[in-house]
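Let's read a protein model together, one short question at a time. Keep the structure in view as you go.

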Amino acid sequence: MRQDDRVTDSSASLPEPIPEPIPGPAGMREQYVTEGLAEADVAAGPMEQFAAWFKEAVRDTDAVHEPNAMVVSTADAEGRPSSRTVLLKGFDERGFVFFTNYDSRKARELAANPHVSLLFPWHPMARQVIVSGSAARVAREETVAYFRTRPHGSQLGAWASAQSSVLASRDELDRAYADLAARYPEGEQVPVPPNWGGFRVTPREVEFWQGRRDRLHDRLRYVRGAGGQGWRVERLSP
């Protein structure tokens with residue numbers, strides 16, 4: 001090829017593009033535009049109101065990923081808090097149910113201090129639900145019934161993981177799972193681990209938060225009446 005026929009890459013001499021600066025958190029703002037939340041429009045009780053909002057979040061799956069994901073906050077006997085995301089597995093008039101290893105950090109903390117907070121962060125809908133209450137273990141029969149509905153791999157995982165304990169390596173966990181998969185192949189019933197089960201959170205207060213313009217959000221909080229009978233609704237300043 002002659003020198004004149006060579007194709008040169010003119011872009012090689014161009015300067016590298018300057019990346020756009022990443023905005024700091026102080027400058028990040030979202031203007032919420034919603035119809036708001038009025039006392040006249042909410043249900044008489046918090047579980048009925050939660051069911052209505054949860055149904056809307058489930059319908060809007062394109063915006064709300066895993067609407068049953070909730071942040072569970074606990075505290076140890078000294079009051080030191082910890083939080084993690086857990087999946088809600090059931091709710092009714094008695095409260096909210098999730099399952100875990102009873103040797104996990106959250107379960108140990110709940111054994112020492114049953115007070116708990118749940119947060120459902122449905123940000124795409126500009127909504128949050130905040131639950132304050134106390135947790136207690138569900139009946140063993142309820143744990144067994146739910147465990148039987150779990151996928152086979154998740155059943156094995158409940159045995160393989162000593163949740164919240166220190167692992168020497170990922171290989172240690174993978175080997176434990178492989179041993180269990182060999183012992184209980186697909187189609188064979190996996191026994192329910194004795195240290196695994198559910199908690200039911202009985203609500204004391206439930207707040208429904210709806211984003212509004214200019215940070216003037218709507219916050220309606222259900223509070224149990226005297227003697228645990230009935231509910232009253234309070235409006236909180238944003």
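Q: Which residue forms a salt bridge with E205?
A: This is a predicted model. Side chains of opposite charge can pair when their charged atoms come close. For E205, the closest N and O atoms of the pair are 3.8 Å apart. A salt bridge needs a nitrogen within 4 Å of a carboxyl oxygen. The partner is R221.

Q: How many residues apart in sequence are the parts that E205 and R221 tie together?
A: E205 belongs to strand β7, while R221 belongs to strand β8, residues 218–224. The pair therefore ties together parts whose separation in sequence is 16 residues.

Q: Is E205 buried, partly exposed or exposed?
A: Buried means under 20% relative accessible area, and exposed means over 50%. E205 has 24% relative accessibility. So E205 counts as partly exposed.

Q: What relative accessible area does R221 have?
A: R221 is the salt-bridge partner of E205. R221 is partly exposed. Its relative accessible area is 23%.

Q: Which residue forms a salt bridge with R219?
A: R219 sits in strand β8 and its partner in strand β7, twelve residues apart. The closest N and O atoms of this pair are 2.6 Å apart. The partner is E207.

Q: Is E207 buried or exposed?
A: R219, the other half of the pair, is partly exposed at 22% relative accessible area. E207 has a relative accessible area of 8%. Buried means under 20%, so E207 is buried.

Q: How far apart are the closest N and O atoms of R232 and E234?
A: R232 is partly exposed, with 44% relative accessible area. R232 forms a salt bridge with E234. Their closest N and O atoms are separated by 3.1 Å.

Q: Which residues are linked in a network of salt bridges?
A: The structure holds 14 salt bridges. Some of them link up into a network. Its members are E39, R212, D218 and R235.

Q: How far apart in space are G211 and A176, C-alpha to C-alpha?
A: G211 is found in the loop between β7 and β8. With 0% relative accessibility, G211 counts as buried. In sequence, G211 and A176 are 35 residues apart. In space, the distance is 46 Å.

Q: Which elements are included in the cover of the buried residues of α4?
A: Helix α4 covers residues 152–160. Its buried residues are H152, Q155, L156, A158 and A160. What covers them includes α3 (140–147), α5 (170–183) and β7 (196–210).

Q: How many helices and strands are in the protein?
A: From the N terminus on, the elements run α-β-β-β-β-α-β-β-α-α-α-β-β-β. Count each kind along that string. The protein has five helices and nine strands.

Q: What radius of gyration does the protein have?
A: The C-alpha trace spans about 95 × 60 × 40 Å along its principal axes. A compact globule of 238 residues would have a radius of gyration near 18 Å. The protein has 25 Å.

Q: What percentage of the residues is buried?
A: The protein exposes about 14,800 Å², and carbon and sulfur atoms supply 52% of that area. The chain has 238 residues. Buried residues make up 36% of them.

Q: How far apart do the centres of the positive and negative side chains lie?
A: The protein has 30 positive side chains and 33 negative ones. Each set has its own centre. The two centres lie 5 Å apart.

Terms used:
Residues are numbered from 1 along each chain as its sequence is written. This is a predicted model: local features need pLDDT of at least 70, side-chain atom pairs count only at pLDDT 80 or more; totals for chains, interfaces and linings use all residues. Side-chain values use heavy atoms; hydrogens and water are left out. Helices (H or I, at least four residues) and strands (E, at least two) are DSSP runs, numbered from the N terminus. The radius of gyration is taken over C-alpha atoms; the globule rule is 2.2 Å times the number of residues to the power 0.38. Buried means under 20% relative accessible area, exposed over 50%, partly exposed in between (1.4 Å probe, protein chains only). Accessible areas come from the Shrake-Rupley method with a 1.4 Å probe; for residues, only the protein chains shown count as cover. Lys and Arg count as positive and Asp and Glu as negative; His and the chain ends are not counted. The place of a charge is taken as NZ of Lys, CZ of Arg, CG of Asp or CD of Glu. Contact means heavy atoms within 4.5 Å. A salt bridge is a side-chain nitrogen of Lys or Arg within 4 Å of a carboxyl oxygen of Asp or Glu.
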